[in-house]
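Got your viewer open and a mouse in hand? Let's walk through this one stop at a time, with something to select at each.

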Amino acid sequence: MIKKVGILFGMEDTFPWAFIDKVNELGNGKVIAEPVLIDKVQQGIDYGYHVIIDRISQEVPFYRAYLKNAALMGTAVINNPFWWSADEKFFNNCLSMQIGVPVPKTILLPSKERPDDTTHKSFRNLKDPLDWEYIFNYIGFPAYMKPHSGGGWKSVYKVESPEDLFEKHGETGQLVMMLQEEIVFDDYYRVYCLGQKYVHIMPYEPRNEFHLRYVTEPKTTGAEHQKLMKTIHDYTIKLNKALGYDFNTVEFAVRNGIPYAIDFCNPAPDADIHSVGEGNFNWIVEHAAKFAIEKANAHSEKQNNSSWGTFVKEAAAPSKPKAPKISLKSAAEIDKSKAKKVPVKAAAVKPAAKKKPAAKAKTKPAPKKAATARKTTAKAAPKKAAPAPKASPKKKK
Ligand SMILES: Nc1ncnc2c1ncn2[C@@H]1O[C@H](COP(=O)(O)OP(=O)(O)O)[C@@H](O)[C@H]1O
Ligand SMILES: [Mg+2]
């Protein structure tokens, strides 16, 4: 039986076509690839793809729902649309701590504005003001503030002081932000990971212009470099196995030889030849095709063929309890007396009702995604993917 691989994509215009060609070349007529074509989406219908690579459903909720039905029908969807719907960066960091991968110290902040259709009564579980003194002493300044669910450098801010934070937080509307320790790095890497096993480590310089970010060299050599590469490789596998992603990039900022995972929620990572460069492009095309063919050949009828992370698998079928790699302290255990004092001016923190336009990228330009659309390309991807959460703590009886 011929196995069929589909790719669902948006405005990008180099990776999808190269991927299709590579699958058709390596598939020897037994595995074929084509753009996914949708003319209707009926519940419970199998539209016949053994594998679908999803590059766009983060921006098109219609596609996400289509993919969930496809996954239910047995399509191996890369990445698993159920997990992708559940995941966000704050949870990423929490899980990372549990599995022993270093991450910057991070605090979650409530959105500046209240989600639609909520009132001050919806926030009675939130103390006003928050414990800013603790938060600032824990994170320090300068710090990064960025959406807990986002990407493409949108609404990523560097903040210098409490006042600067409150001012910039004021621009972020209904976005839920994270305040994060700045990792002042000696070196930086972006790492492709496919199928939780194929790893490609790319030196990356985030301070360069967009088109030159991958044009940089590692800052270490010899045994030190080998050791760092092995650590980055192992951390990358560990994170993707735990989260269950089959196609992801992990970013690491290296400080004093320790790679800190900065951003590993990139399930449709940039794979454009014009930004990643020819060598990296060839790697991702070849390995994505190879992995899609493996998934197609491993496809079995009437079962769920999408990948799940160990976090979900162990929740569904617990293995022996493991001791956490690091001890997570409760707030009460933290000795405030050791903390350096940062003067804090009182600031309103409960989400305010006032509506402002959505925040714009501040410190860095948003990367150009790709050139013009072609063929089945989704032209009408609405901006602003994430709908506002409907936060409404249940009333006590
Ligand atoms: N904690 C941090 N320390 C140092 N640099 C950071 C930190 N967080 C983000 N950055 C910088 O900001 C960039 C964008 O942040 P990132 O978390 O990757 O968001 P996005 O998902 O939008 O790409 C990173 O590539 C990095 O250069
Ligand atoms: Mg990033």
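Here is a short tour in three stops, after a word on ground rules.

This is a predicted model, so local features need pLDDT of at least 70 and side-chain atom pairs count only at pLDDT 80 or more, while totals for chains, interfaces and linings use all residues. Residues are numbered from 1 along each chain as its sequence is written, and chains are lettered from A and ligands numbered from 1 in the order in which they are written.

**Stop 1: a parallel sheet**

Select residues 3–8, which are strand β1, and 51–54, which are β3. (Helices, H or I with at least four residues, and strands, E with at least two, are DSSP runs numbered from the N terminus.) The two strands run parallel and are joined by four bridges; two strands count as paired if DSSP finds at least two bridges between them. Click on V5 and you'll find its bridge partner in β3, V51.

Now zoom out: the open sheet has four strands in the order β2-β1-β3-β4, with parallel pairing. Which strands stand at the edges? They are β2 (31–35) and β4 (76–78), each with a single partner strand, so one side of each has no neighbour in the sheet. From one strand to the next, the twist averages 20°. (Axes are lines fitted to C-alpha atoms, for helices over the stretch in contact, and angles run from 0 to 180 degrees between N-to-C directions.)

Add residues 15–26: helix α1 packs on this sheet and touches β1, β2 and β3. Touching here goes by contacts, with C-beta atoms, placed from the backbone, within 7 Å. The direction of α1 makes about 160° with that of β2.

**Stop 2: a buried strand**

Select 187–194, strand β9. Buried or exposed? Eight of its eight residues are buried, so β9 is largely enclosed by the rest of the structure. (Buried means 20 or more other C-beta atoms within 10 Å of a residue's own, exposed means 12 or fewer, and partly exposed is in between; C-beta atoms are placed from the backbone.) Show the side chains: D187, Y189, V191 and C193 point one way, and Y188, R190, Y192 and L194 the other.

Next, add β10 (198–203), which runs antiparallel to β9 with six bridges, V191 pairing with I201. The two form a hairpin with three residues between them, and G195 in the turn has a positive phi of about 60°. β11 also runs antiparallel to β9, with eight bridges.

**Stop 3: the ligand**

Finally, select ligand 1, which 18 residues surround; the closest are Y144, G151, I183, P206 and D263. (A residue is near if its C-beta atom, placed from the backbone, lies within 6 Å.) Elements giving two or more residues to this shell are β6 (143–147), β8 (177–181), β11 (247–255) and β12 (258–263).

Note on methods:
Contact = placed C-beta atoms within 7 Å.
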